[in-house]
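Here is a set of short exercises to work through with the model open beside you. Try each task on your own, then follow the solution step by step.

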Amino acid sequence: ALTYDLRGTRVLITAGGTREPLDPVRYLGNRSSGKQGFALARAASHRGATVTLIAGATAELAVPSGVELIPVVTAAQMSEEIAKRSDEADVVIMAAAVADFRPVSVADSKIKKGAAGPAPIELTTNPDILRTLVAARTAGDVAASTVIVGFAAETGDASGGVLDHGREKLARKGCDLLVVNAVGDGKAFGTDDNTGWLLAATGTETALPLGSKTLMASRILDAVTDLLPEDRCS
Ligand code: C5P
């Protein structure tokens, strides 16, 4: 049954993939469609939350009605938009596929082939938005009650260490919940279905059966709701 159990809750969600420019026409990107993040935004909005969706590159997706969309391109822009809003969020869900690296420099004009063959692309590390957010909460710049959810897209299956990687990532990132899903071989990225595990910092591990990204979204929001303080403004 539809319940408004997120009424009065401010939810910030990232979705899609970042694009890190090389020159005016080229970028380094990834295959994220944004579908899981958009499904989360829609589901949270239906449950009464005030939702802001910070979206990088996505497939052609309809913005759920009532959801504020903040379009971004790069990880740096996504990071900036999160930093601006995280002190006013009750829940932050980082479903975006953020590029770990970006080109050191962006050429002003299209890079030419050159006679010497391919030039190497020099990369530098992007800020880890999720870890920065958790650090801000630890420092008291973000409310201690803010629920922080991360995603881990891993290639392989349970026996291939997807779950172990997830456990390690949950500890390293310091978020409250980590959604682990298997990607590659046509899994998760771009599809309408998703499957995986929901790992909680408390140690609880829940298998998320194969189902629609809408179903996955509602499972994730159920777990988020359990972590929200009882006395939040609603
Ligand atoms: O380390 P990895 O990229 O697998 O972590 C994935 C999680 O961390 C996702 O929730 C993603 O949105 C977030 N992330 C981030 N900033 C980065 C890289 C990933 O917030 N630079």
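## Exercise 1: Around the ligand

Task: Find which element gives the most residues to the shell around the ligand.

Solution. Strand S9 gives the most to this shell, with three residues. Keep in mind as you look that this is a predicted model.

Next, look at the residues themselves. Of the 13 residues around the ligand, Met94, Val98, Ile129, Leu130 and Gly150 come nearest. The elements that supply two or more residues to the shell are helix H3 (129-139) and strand S9 (147-155).

Finally, sort the shell by character: eight of its residues are nonpolar, three are polar and two are charged.

## Exercise 2: The chain as a whole

Task: Work out how the radius of gyration of the chain agrees with that of a compact globule.

Solution. Begin with the parts: the chain has five helices and twelve strands. Its C-alpha trace spans about 65 × 40 × 35 Å along the principal axes.

Now compare. A compact globule of 234 residues would have a radius of gyration near 17 Å, and the chain has 18 Å, so the two agree.

Two further values fill in the picture. Buried residues make up 40% of the 234 residues. Of the contacts between residues at least 6 apart in sequence, 65% join residues at least 24 apart.

## Exercise 3: The two sides of H3

Task: Decide which residues of H3 are buried, and explain why they are on the same side of the helix.

Solution. Start with the list: Ile129, Leu130, Leu133, Val134 and Arg137 are the buried residues of H3. They are on the same side of H3 because they cover an arc of only 135° around the axis. There is a general pattern to recall here: an α-helix has 3.6 residues a turn, so residues three or four places apart point the same way.

Turn to the other side of H3, where Thr138 and Ala139 are exposed. Then look for what covers the buried residues of H3: the cover includes helix H2 (75-85), strand S6 (91-94), S9 and helix H4 (162-173).

Last, step past the end of the helix. Glycine 140 follows H3, and its phi is positive, near 90°.

## Exercise 4: The same idea in H2

Task: Name the buried residues of H2, and say what covers them.

Solution. In H2, Ala75, Met78, Ser79 and Ile82 are buried. Their arc around the axis is only 100°, which puts them on the same side of H2.

The cover over these buried residues includes strand S1 (10-15), strand S2 (20-21), strand S4 (50-55), S7 and H3. This ties back to the previous exercise, since H2 is among the elements covering the buried residues of H3.

## Exercise 5: Into the core

Task: Find which residues touch the most other members of the largest nonpolar core.

Solution. That core has 59 residues, and Val11, Ile13, Leu40 and Val149 touch the most other members.

Take valine 149 as an example. Leaving aside residues up to four places away in sequence, valine 149 touches Ile93, Met94, Cys175, Asp176, Leu177, Val179, Ile220 and Val224. Met94 has come up before, as one of the residues nearest the ligand.

## Exercise 6: Three loop residues

Task: For serine 105, phenylalanine 189 and glycine 156, find where each one is placed.

Solution. Serine 105 is in the loop between strand S7 (101-103) and strand S8 (123-125). It counts as exposed because it has 12 C-beta neighbours inside 10 Å. Aspartate 23 is 82 residues from serine 105 along the chain, yet their C-alpha atoms are separated by 8.6 Å.

Phenylalanine 189 is in the loop between strand S10 (177-183) and strand S11 (193-200). With 18 C-beta neighbours inside 10 Å, phenylalanine 189 counts as partly exposed. Phenylalanine 189 and serine 33 are 156 residues apart in sequence and 6.2 Å apart in space, C-alpha to C-alpha. Beyond residues up to four places away in sequence, phenylalanine 189 touches Arg31, Ser32, Ser33 and Val183.

Glycine 156 is in the loop between S9 and H4. With 15 other C-beta atoms within 10 Å, glycine 156 is partly exposed. Its contacts, not counting residues up to four places away in sequence, are Gly161, Val162 and Ala182.

Definitions and conventions
Residues numbered from 1 in each chain as written. Predicted model: local features only at pLDDT ≥ 70, side-chain atom pairs only at ≥ 80, totals over all residues. Near = placed C-beta within 6 Å. Helix = DSSP H or I, 4+ residues; strand = E, 2+ residues; numbered from the N terminus. Nonpolar A, V, L, I, M, F, W, Y, C, P; charged D, E, K, R; others polar. Rg over C-alpha atoms; globule rule 2.2 N^0.38 Å. Buried ≥ 20, exposed ≤ 12 C-beta atoms within 10 Å, placed from the backbone. Contact = placed C-beta atoms within 7 Å. Arc of directions from axis to C-beta. Core = buried A, V, L, I, M, F, W, Y, C linked by C-beta atoms within 7 Å.
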